[in-house]
Amino acid sequence: MSTQLNKKYGLFTAICTVVGTVIGSGVFFKAEAILKKTGGELPVGILAWIIGGIIMVICAYAFSVLAAKHEKVSGVVDYAEALVGKKYAYFMGWFLAIFYYPTLTSVLAWLSARYLCVLLGWGETGGECMTIAALLLVGVFVMNALAPKIAGKFQVSATIIKLIPLLLMAVVGTITGLTNGLLIENFTTVVNEDISTSSGLFKAVVATAFAYEGWICATSINAELKDAKKNLPKALVMGTLIIVAVYITYYIGLAGGIENSVIMQGGEAGARIAFSAVFSKFAGTLLFLFVVISCLGTLNGLTLGCSRAFHAIAARDLGPKPEILKQVDTATNMPGNSSMAGLLVSSLWLLFFYGSQLDKPWFGPFSFDSSELPIITTYAMYLPIFVSMMFKEKNLGVLKGKIAPILAIIGSIFMVIAAVFAHGVYP
């Protein structure tokens, strides 16, 4: 047994972690929500995707600046320790280990199971779905703990596979729409003129905020990334830019395949209708298979962070039994004990999610949506890091040391306000 993690991941894996963790099921069905909030005004919806993407890229760039200077165990916790202090890093580490990673990991296990049940014609909240969710959760943790290289290759493969339908729709849908004139019609037609442009834009940006979540997970493999001080900044910036480009071109491609009003009326099946119109009915059904793979890729990316969360605390000789949780298995070079702890906490959150969202509320006023509150809190917890970055990183220059953190602060505050605006003050 040792306590050090070896360098085993390259730049491409890091980029795929960023892209693969952010692009999940939401992008396939978010078009309908954006169109509804903007009244079917396509240019406003595109602007919303751009604004949401800019906020993500700015925050990622600010962290990339820190990644180029600080390399220890686990990205965000390292930055919190270097800029704010050990106590804040300790709280940040516990928040990531107990709330952020396991809550989102458990929800993605259920989402993956849900879309698989849709393909099989089973119930989406019954015993079959929850059993599959539990098996997927255990399976992904086992893969990450016992075969981390396979987990890395799976992340790359899932990212490439999930990009196929998005890029196909972006290209073929756009060409089809330009040929038959539907794209121009959708650009110039407003479905619901009762919705003001300004109100629709803000609500649409709120919707994109959650579609852009998850990129921070890439910083969890900081200690295992080859030449991390060069590759992690590149992965954060390149990965987030790829995501923005894919989202916007896919959104335009959808508009070339079907009328905005049809997508708005189709609900979550809007994307399926569009794929059937551009390609075939079989392609519409096949879309759900890509959604399952997409969700599994996101689940794997979150598990990468969740498996290492307790190790990030224990590596500093903090928390309960650090001598056990910081151990790294010699054969796999993975923190096996930390992975088991992450699986246990994720399993408890999966049980909570079922009891709070999928059945009659078990927990009364505490039955909040565990996929939302951690995200809101995360951006709030970034603020002290960005503020300290302005005053402590004095040798970075104006762009990296002042402008980048100021814009990141504005973006983080916006995310918090947007989340509260969209989901209310009370869960």
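The following paragraphs describe helix packing, residue burial and backbone geometry in a predicted model.

Helix 1, comprising residues 11-22, is mostly covered, with 10 of its 12 residues buried. The buried set consists of Thr13, Ala14, Ile15, Cys16, Thr17, Val18, Val19, Gly20, Thr21 and Val22. The length of helix 1 agrees with expectation, because 12 residues at 1.5 Å a residue should span 16 Å and the end C-alpha atoms are 17 Å apart. The axis of helix 1 comes within 9 Å of that of helix 7 (residues 148-180), and the two cross at roughly 55 degrees. Helix 1 and helix 7 are therefore oblique to each other, and their crossing is left-handed. On the side of helix 1, the contact is formed by Phe12, Thr13, Cys16, Thr17, Val19, Gly20 and Thr21, which meet Gly152, Gln155, Val156, Thr159 and Lys162 of helix 7. Divided by class, this contact contains four nonpolar, seven polar and one charged residues. Among the helix 1 residues in the contact, Thr13, Cys16, Thr17, Val19, Gly20 and Thr21 are also listed as buried.

A second oblique pair is formed by helix 6 (residues 127-146) and helix 13 (residues 281-314), whose axes lie 10 Å apart at an angle of about 55 degrees. This angle makes helix 6 oblique to helix 13; the crossing of helix 6 with helix 13 is right-handed. Helix 6 contributes Leu136, Val140, Phe141, Met143 and Asn144 to the contact, while helix 13 contributes Leu296, Leu299, Asn300, Thr303, Leu304, Cys306 and Ser307. The residues of this contact comprise eight nonpolar, four polar and no charged residues.

The arrangement of helix 4 (residues 75-83) and helix 5 (residues 86-120) was also examined. Their axes come within 7 Å and cross at roughly 160 degrees. Because angles over 145 degrees count as roughly antiparallel, helix 4 is assigned as roughly antiparallel to helix 5. Helix 4 passes helix 5 in a right-handed crossing. The residues in contact are Val76, Val77, Ala80 and Glu81 from helix 4, together with Lys86, Tyr88, Ala89, Met92, Gly93 and Leu96 from helix 5. By class, the contact of helix 4 with helix 5 holds seven nonpolar residues, one polar residue and two charged residues.

Helix 16 spans residues 373-392; its 20 residues reach 30 Å from the first C-alpha to the last, close to the 28 Å expected at 1.5 Å a residue. Its buried residues are Pro374, Ile375, Ile376, Thr378, Tyr379, Met381, Tyr382, Ile385, Phe386, Ser388, Met389 and Met390. An α-helix has 3.6 residues a turn, so residues three or four places apart point the same way. Among the buried positions of helix 16 are Thr378, Met381, Tyr382, Ile385 and Met389.

Two individual helix residues illustrate buried environments. Leucine 42 is placed in helix 3, which covers residues 42-67. Leucine 42 is classed as buried because its relative accessible area is 1%. Beyond its neighbours within four places in sequence, leucine 42 is in contact with Leu35, Asn186, Phe187, Tyr251, Ala255 and Asn260. Leucine 42 is separated from tryptophan 94 by 52 residues in sequence and by 42 Å in space, C-alpha to C-alpha. Valine 345 belongs to helix 15 (residues 336-358) and counts as buried at 13% relative accessibility. Apart from neighbours within four places in sequence, the contacts of valine 345 are Ala97, Ile98, Pro102 and Phe310. The C-alpha atoms of valine 345 and serine 112 are 19 Å apart, with the two positions 233 residues apart in sequence numbering.

Backbone geometry was considered at two loop positions. Most residues other than glycine have a negative phi. Aspartate 317, which is not a glycine, has a positive phi of about 60 degrees. Aspartate 317 lies in the loop between helix 13 and helix 14 (322-325). Asparagine 333, likewise a residue other than glycine, has a positive phi near 55 degrees. Asparagine 333 is located in the loop between helix 14 and helix 15, and at 9% relative accessibility asparagine 333 counts as buried.

Conventions
Residues numbered from 1 in each chain as written. Predicted model: local features only at pLDDT ≥ 70, side-chain atom pairs only at ≥ 80, totals over all residues. Heavy atoms only, no water. Axes fitted to C-alpha atoms, helices over the stretch in contact; angles between N-to-C directions. Helix = DSSP H or I, 4+ residues; strand = E, 2+ residues; numbered from the N terminus. Parallel < 35°, antiparallel > 145°, perpendicular 65-115°, else oblique. Left-handed = near helix turned anticlockwise from the far one by under 90°. Contact = heavy atoms within 4.5 Å. Nonpolar A, V, L, I, M, F, W, Y, C, P; charged D, E, K, R; others polar. Expected span 1.5 Å × (residues − 1). Buried < 20%, exposed > 50% of the residue type's maximum accessible area, 1.4 Å probe, protein only.
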